[in-house]
Amino acid sequence: MAQRSVAYATLVDLYKASHPDADMADIVNNLVAAYCPVVAKSGGSDQEKSLAVKRFALDITSYLSNQSVVAEAEPDVGIIWAVPVGYSLAERDPGWQPALKCPANDNSRVPASLIAAAVQIRGKPDLNFLAPAAIAQADSMLAQNPKAKPADLANALILAYCEGVVDLSSVGDAEKSGALVRYGQEVIQELQLKAETKQRAPAANASR
């Protein structure tokens, strides 16, 4: 949890294995309770820590709520992937594979123009990126492409990052895959929050 390189599916499955009768609320509450002290000991301001815990809680809840939806929405692409669920996003965790392999960049899953923009925003790939850096990249993608689907923005960044790290020769596939999962989680969570905030704003104004 401290490194956040473990997929949400793994965290949930491990918890369910030791608590088979737990319902969704139990799983969310206890995983958040376990993650909170990890965040508390990390660097950053109190506001950043609070947002990190909120993002974690939101994404775990989204993952549990949409497991069946995500499974049916899109075939497995082999890496962490964002799947649209209504106006929000859900995270599809990758299945195990012996080596990191990026999906084909053939315009079939993500518009090529978005991938090109994501490569520019990504810059030189870094396995040891900080969470604020990934969040800033997600914000830049949204600012440059405000009318694009949030899932496409997230997946363009994920694919660009994957293509940037897959050929690095100084590290193993486990480190590359772990970094990609962490990166994908950050951009998905950020764009998920932005999508939900945008959707709620008109409703809030209309109720006044």
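These are my notebook entries on a predicted model.

**Overall layout**

I began with the fold elements. The protein chain has eight helices and two strands. I read their order from the N terminus as α-α-α-α-β-β-α-α-α-α. Next I looked up burial. Of the 208 residues in the protein chain, 44% are buried.

**Helix α1**

I then turned to helix α1, which spans residues 8–18. Its buried residues include Tyr8, Leu11 and Tyr15. Ala9 and Val12 are buried as well. I looked down the axis of α1 to see where they point. The buried residues fall within an arc of 165°, so they line one face of the helix. I checked the face turned away from that buried side and found Leu14 and Ala17 there, both exposed.

**Salt bridges**

I searched the whole structure for salt bridges and noted two. One of them joins Lys194 to Asp139, with the closest N and O atoms 2.8 Å apart. This pair links distant parts of the chain. Lys194 sits in helix α8 and Asp139 in helix α6 (residues 131–144), 55 residues apart.

Lys194 also meets Glu190 in a salt bridge, at 3.3 Å from N to O. Here both partners lie in helix α8. They are four residues apart, about one turn of the helix. I note the general rule: with 3.6 residues a turn in an α-helix, residues three or four places apart point the same way. The shared partner ties things together: salt bridges join Asp139, Glu190 and Lys194 into one network.

How buried or exposed are the members? I looked up each one. Lys194 is partly exposed, at 34% relative accessible area. Asp139 is partly exposed too, with 26%. Glu190 has a relative accessible area of 8%, so I logged it as buried.

**Aromatic pairs**

I counted four aromatic pairs in the structure. I followed up the one between Phe129 and Tyr161. The ring centres of Phe129 and Tyr161 are 5.8 Å apart. Their planes stand at 80°, so the pair is edge-to-face. The two rings come from distant parts of the chain, 32 residues apart. Phe129 is in the loop between α5 (112–122) and α6. Tyr161 belongs to helix α7 (residues 150–165).

I checked the burial of both. Phe129 counts as buried at 13% relative accessibility. Tyr161 is buried, with a relative accessible area of 2%. I also noted that Phe129 and Tyr161 form one aromatic cluster together with Tyr183.

**Arg182**

The ring of Phe129 led me to Arg182. Arg182 lies over the face of Phe129, at 4.7 Å from the ring centre. I placed Arg182 in helix α8, which covers residues 173–206.

Which side chain of opposite charge is nearest to Arg182, and how far away is it? I found Glu186, 6.9 Å away. Arg182 is buried yet has no salt bridge. A salt bridge needs a nitrogen and a carboxyl oxygen within 4 Å, so Glu186 does not qualify at 6.9 Å.

What does the side chain of Arg182 reach at 2.9 Å? I found the backbone oxygen of Leu127. I closed the entry on Arg182 with two contacts: the backbone oxygen of Leu127 and the ring face of Phe129.

Key: Residues are numbered from 1 along each chain as its sequence is written. This is a predicted model: local features need pLDDT of at least 70, side-chain atom pairs count only at pLDDT 80 or more; totals for chains, interfaces and linings use all residues. Side-chain values use heavy atoms; hydrogens and water are left out. Buried means under 20% relative accessible area, exposed over 50%, partly exposed in between (1.4 Å probe, protein chains only). Lys and Arg count as positive and Asp and Glu as negative; His and the chain ends are not counted. A polar contact is a pair of N or O atoms within 3.5 Å; within protein, one must be able to donate a hydrogen and the other to accept it, and residues adjacent in sequence count only if both atoms are side-chain atoms. The arc is that of the directions from the helix axis to the C-beta atoms. Rings of Phe, Tyr and Trp (its six-membered ring) pair if their centres lie within 6.5 Å; planes under 30 degrees apart count as stacked, over 60 as edge-to-face and the rest as tilted. A charge sits over a ring if NZ of Lys or CZ of Arg is within 6 Å of the ring centre and within 35 degrees of the ring normal.
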